[in-house]
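This report is meant for a reader who has not met the structure before. Please look at the sequence and the model first.

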Amino acid sequence: MTSLSNGHAANDSSPSPSPSPLPPPPFKIPPIKFTKLFINGQFVPSLSGKEFETVDPRTGEVIVKISEGRKEDIDVAVNAAREAFDNGPWPRMSGVERARIMMKWADLIEENAEEVAALDAIDAGKLFHLVKVLDIPAVAGAIRYYAGAADKIHGEVLKASREFHAYTLMEPIGVVGHIIPWNFPSTMFAAKVSPSLAAGCTMVLKPAEQTPLSALFYAHLAKQAGIPDGVLNVVPGFGPTAGAAISSHMDIDKVSFTGSTDVGRAIMHAAASSNLKPVSLELGGKSPLLIFDDADVDKAADLALLGILFNKGEICVASSRVFVQEGIYDEFEKKLVEKAKAWVVGDPFDPKSQQGPQVDKNQFEKILSYIEIGKQEGATLLTGGKRVGNKGYYIEPTIFSNVKEDMRIAQDEIFGPVLALMKFRSIEEAIKGANNSRYGLAAGIVTKNIDTANTVSRSIRAGIVWINCYFAFGNDIPYGGYKQSGFGRDFGLEGLHKYLQVKSVVTPIYNSPWL
Amino acid sequence: MAARRLSWLLSRSLSAASGPDSLLHSLGRNSGGGIRKWKRFSTAAAVDEVIIPQVQIPYTQHLIDGKFVDSASGKTFPTYDPRTGEVIAQVAEGDAEDINRAVVAARKAFDEGPWPKMTAYERCRILLRFADLVEKHRSELAALETWDNGKPYQQSFNDELPMFVRLFHYYAGWADKIHGMTVPADGKYHVQTLHEPIGVAGQIIPWNFPLLMFAWKVGPALACGNTIVLKTAEQTPLTALYVAKLLHEAGLPPGVVNIVSGYGPTAGAALASHMDVDKLAFTGSTETGKIVLELAARSNLKPVTLELGGKSPFIVYDDADVDQAVEVAHFALFFNQGQCCCAGSRTFVHERIYDEFLEKSKKRALKRVVGDPFKNGVEQGPQIDTEQFEKVLRYIRSGIESNATLECGGQRLGSKGFFIQPTVFSDVKDEMLIAQDEIFGPVQTILKFKDTEEVIRRANATRYGLAAGVFTKNVHTANTLMRALRVGTVWINCFDVFDAAIPFGGYKMSGTGREKGIYSLNNYLQIKAVVEPLKNPAWI
């Protein structure tokens, strides 16, 4: 593994901040084409004329100004979506026809993979080469997956207990509000938009204010593919204004949100006090990774490190609590620290980089403050703990040991490259520790023992359990939270069903030869 | 869909003799210049000058292990143009040895991969690419289909090719949605079901819808990760070879789909009785279906799905819109020259509207445009071959002899090819042969009924149970009949509405199993239960 000579790896014991990790960007960033709200098939300025800045986290500099959607813009977008749902062709098309348009959209996205990958990289500080080969093909894949499901939305004919003929119709739920986060602007866009499109819904999507660029680009391609005007509306803006307008809107039939637990709570509250729209929430996590004595220590250390450092730790399923059985603890800790020191932090456009900058100043400062809290709480800082360079929002891979379950760094979602390492003796203790969290999003288990794997996978209160793997996502694999990690599932057919209403139709039947 | 097809047929029949058609011009040559008026019900030629299809016949050999190869014996057989009875091409004639070579290739492709070992998404992408290629070659394929089969080109091009593409899109979408289950057991066990591909599938398809039957069989088998040996009907071997080539262009690994042309008693029997074929699917006559099932039983007990004959009732109540019912009943029987297993071949009409219905049905049959299927506006082409042609004429004679009233038609049309006049019988009694047997030709038999109980009894009094049509505005009648009729498909106020998602298959001697829809996947999957003990589970 190559490390940057001036990067974090060299300065573990040095008190001075390392020089900038930025090499010159090897990729020419394309001009930004779309900066306005996408409503009813048109790019339009916000009604107020206001704009906000979206910032390059490598430098903290402004990339471009974006029209700022507010309540009045959300109203216009909802009207367009309402009209498209109530009177437009989209829900009245067969699933087959919707699928064909979606397939075309997926093809267009793949054709533009490089450009849209660059948008996410520059906007979110994500690794360009990874986004290009992972995130963007996954967007096309998710769209194709749900396109393939559009003509397979089956209701059931029921076994009524009396002389009735009864069946269920799975109907599109209506106008959907989507609010998506900045950590996976493309993946989250696809996870929300593709199943709701397949279901026949129309929608208003608010991307995160940090990362509005790719969503607008996708909207442009959606129009090219033939998605009718008003079906997909994208309104960039801030949570307290645009986001709040969506969640409290009287004419939105469903809200789907991915983001922090605090905001999730506010959204559910707004939904409850407006029109009782059903809400699905995919929120924070403090996911445990349990490594048992029989594990291959080297592989387990790789997995643990990837589990916390992938996407700079800005991933809700990050393995931010690693529980290691005492028999291998010391060896594991040593390997983990070695590997963390070799991890390459640098410009996300540099193919050698494994970790780019945190998304913005807020996140950057929050993470650094949690590192301070960890030290104050008495945890041992094994490696990392500082910013990298003096420009942008780069942070060293950071590992704490001697962490107690009740410490804040073991309870709170830090959403950065900060790992809390803990030791356990027995399987019961591991399960208890893993479940000692208000969150329940994901968990990992590393063991060769089939009984351990089976017992732990049922015992952990989390929406997805990875056995001897981590981040094993798939279009087909639903995921979402237990407890305060939210409710509802994205991906898989579960991800489609939340955009459907179930209607039972019942009629008496006379002289049926069977019941 | 049927409505669209109907309106197309209607508009075409009304304007049959007017206007040039770009399809016709791009596709065929009309040396007569201008559009001829065909003579209906005359004994003159149904086809004066045969339109020559502008399409090559690129493939006539078997497709085995990704390569076109001759028969082991070197033998060939002729495939005919049913418009003239003349030979279109000589095609490799497969026998047991060719089937065996194809099974060996399919076995290897299944056991060693890469097809079943690919991700479902990769299989999905190959099927999608294939659908795109078929769309690109739509006009050649439609022309080849019509040339070999005799069905109207417009039907091939406007309905069957798009449906073929639709079917592969549909099955591509299934590839990554084939879910097993986790199962609650009584005890501390973790139980799962794995839905595994069944292995090498043998498929034998008929001549009436060569491409669509290919899609019904090949689509689900491939989506589930199987490999295939498919035998086409000897009457229509051409289009399957063409599309199978496109499948390989789309990225299908060699050996996954193997196509063998040949006859039933030789190639078909070899496939049905092969010890290394894991599953057999057959569409065709009930007689052959019995033989296929016997061969499977005597060899390796391979599971068999059968989609066989029918004598489907089409029931019209007195509250129905008569004009619409007449049109749909006409379509239900005469579509595809009457060569549909689900043809509405027993038209039961309520006594209160019987006379009106009969008069209108006769008028409609007389208006039916029969002629060269490549000609724009033609609704009905020739029957598939001499054998079918003779058989249909025999049944017409039988109808006359048993004292049914021949309202119209009854004769061959022209002196060349296998054209038969649209034929309508009235005063048909349940016990007559024409009301009992599958005629598989353009012969409509109209029967009278009084009440629901009676019509249910009579409609069910058949060895077949493939489909039924019900025309009524009364929701109670509709609900009662939909459950009382012992058939695999009930069309209410419509007929022949097919879709990839709608399962199709028979009760009774119309067959076993269902094709299309989610149900079709079951034909190509093995279900494996996996059971593991649980130690100290948090819940069970």
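The text below covers annotated spans, three single residues and two helix pairs. The model is a predicted one.

**Annotated domains**

UniProt, in unreviewed entries, lists "domain: Aldehyde dehydrogenase" for residues 44–505 of chain A and for residues 68–530 of chain B. The make-up of each span is set out here.

| Span | Helix | Strand | Distance between end C-alpha atoms |
|---|---|---|---|
| residues 44–505 of chain A | 41% | 20% | 42 Å |
| residues 68–530 of chain B | 40% | 20% | 41 Å |

**Two residues of chain A**

The feature "active site" is placed by UniProt, again in an unreviewed entry, at Glu282(A). This residue belongs to strand S11 of chain A, which covers residues 279–282. Its relative accessible area is 2%, so Glu282(A) is buried. Leaving aside residues up to four places away in sequence, Glu282(A) touches Met188(A), Phe257(A), Thr258(A), Gly259(A), Cys316(A), Leu441(A), Tyr479(A), Gly480(A), Ser485(A) and Asp490(A).

Ser46(A) sits in a loop of chain A, between strand S2 (42–44) and strand S3 (51–56). Ser46(A) counts as buried because its relative accessibility is 5%, and the cut-off for buried is under 20%. With residues up to four places away in sequence not counted, Ser46(A) is in contact with Leu37(A), Ser67(A), Glu68(A) and Asp73(A).

**Leu211(B) and the pair H7(B) and H8(B)**

Leu211(B) is part of helix H7 of chain B, residues 210–223. Leu211(B) has a relative accessibility of 2% and therefore counts as buried. Among residues over four places away in sequence, Leu211(B) touches Leu141(B), Glu145(B), Leu161(B), Phe164(B), Thr239(B) and Val243(B). From Leu211(B) to Ala233(B) there are 22 residues in sequence and 11 Å in space, C-alpha to C-alpha.

The axis of H7(B) comes within 10 Å of the axis of helix H8 (residues 238–249) of chain B, and the two cross at roughly 35°. The crossing of H7(B) past H8(B) is right-handed. On the H7(B) side the contact is made by Pro210(B), Leu211(B), Phe214(B), Val218(B) and Leu222(B), and on the H8(B) side by Thr239(B), Ala240(B), Val243(B) and Leu247(B). Sorted by class, these residues of H7(B) and H8(B) are 8 nonpolar, 1 polar and no charged.

**The pair H15(B) and H16(B)**

Helix H15 (residues 452–460) and helix H16 (residues 475–484) of chain B have axes that come within 11 Å and cross at roughly 25°. H15(B) is therefore roughly parallel to H16(B), as angles under 35 degrees count as roughly parallel. H15(B) passes H16(B) in a crossing that is right-handed. Thr452(B), Ile456(B) and Asn460(B) of H15(B) meet Thr477(B), Thr480(B), Leu481(B) and Ala484(B) of H16(B). The contact of H15(B) with H16(B) has 3 nonpolar, 4 polar and no charged residues.

How many of the 10 residues of H16(B) are buried? The number is 7, so H16(B) is largely enclosed by the rest of the structure. These buried residues are Thr477(B), Ala478(B), Asn479(B), Thr480(B), Leu481(B), Arg483(B) and Ala484(B). What covers them includes elements of chain A, namely strand S6 (164–172) and strand S22 (500–508), together with strand S14 (313–316), H15, strand S20 (467–471) and strand S21 (489–492) of chain B.

Conventions: Residues are numbered from 1 along each chain as its sequence is written. Chains are lettered from A and ligands numbered from 1 in the order in which they are written. This is a predicted model: local features need pLDDT of at least 70, side-chain atom pairs count only at pLDDT 80 or more; totals for chains, interfaces and linings use all residues. Side-chain values use heavy atoms; hydrogens and water are left out. Axes are lines fitted to C-alpha atoms, for helices over the stretch in contact, and angles run from 0 to 180 degrees between N-to-C directions. Helices (H or I, at least four residues) and strands (E, at least two) are DSSP runs, numbered from the N terminus. Angles under 35 degrees count as roughly parallel, over 145 as roughly antiparallel, 65 to 115 as roughly perpendicular and the rest as oblique. A crossing is left-handed if the near helix is turned anticlockwise from the far one by less than a right angle, and right-handed if clockwise. Contact means heavy atoms within 4.5 Å. Ala, Val, Leu, Ile, Met, Phe, Trp, Tyr, Cys and Pro count as nonpolar, Asp, Glu, Lys and Arg as charged, and the others, Gly among them, as polar. UniProt positions are given in the numbering used here, feature names are shortened, and annotations may be inferred rather than shown by experiment. Buried means under 20% relative accessible area, exposed over 50%, partly exposed in between (1.4 Å probe, protein chains only).
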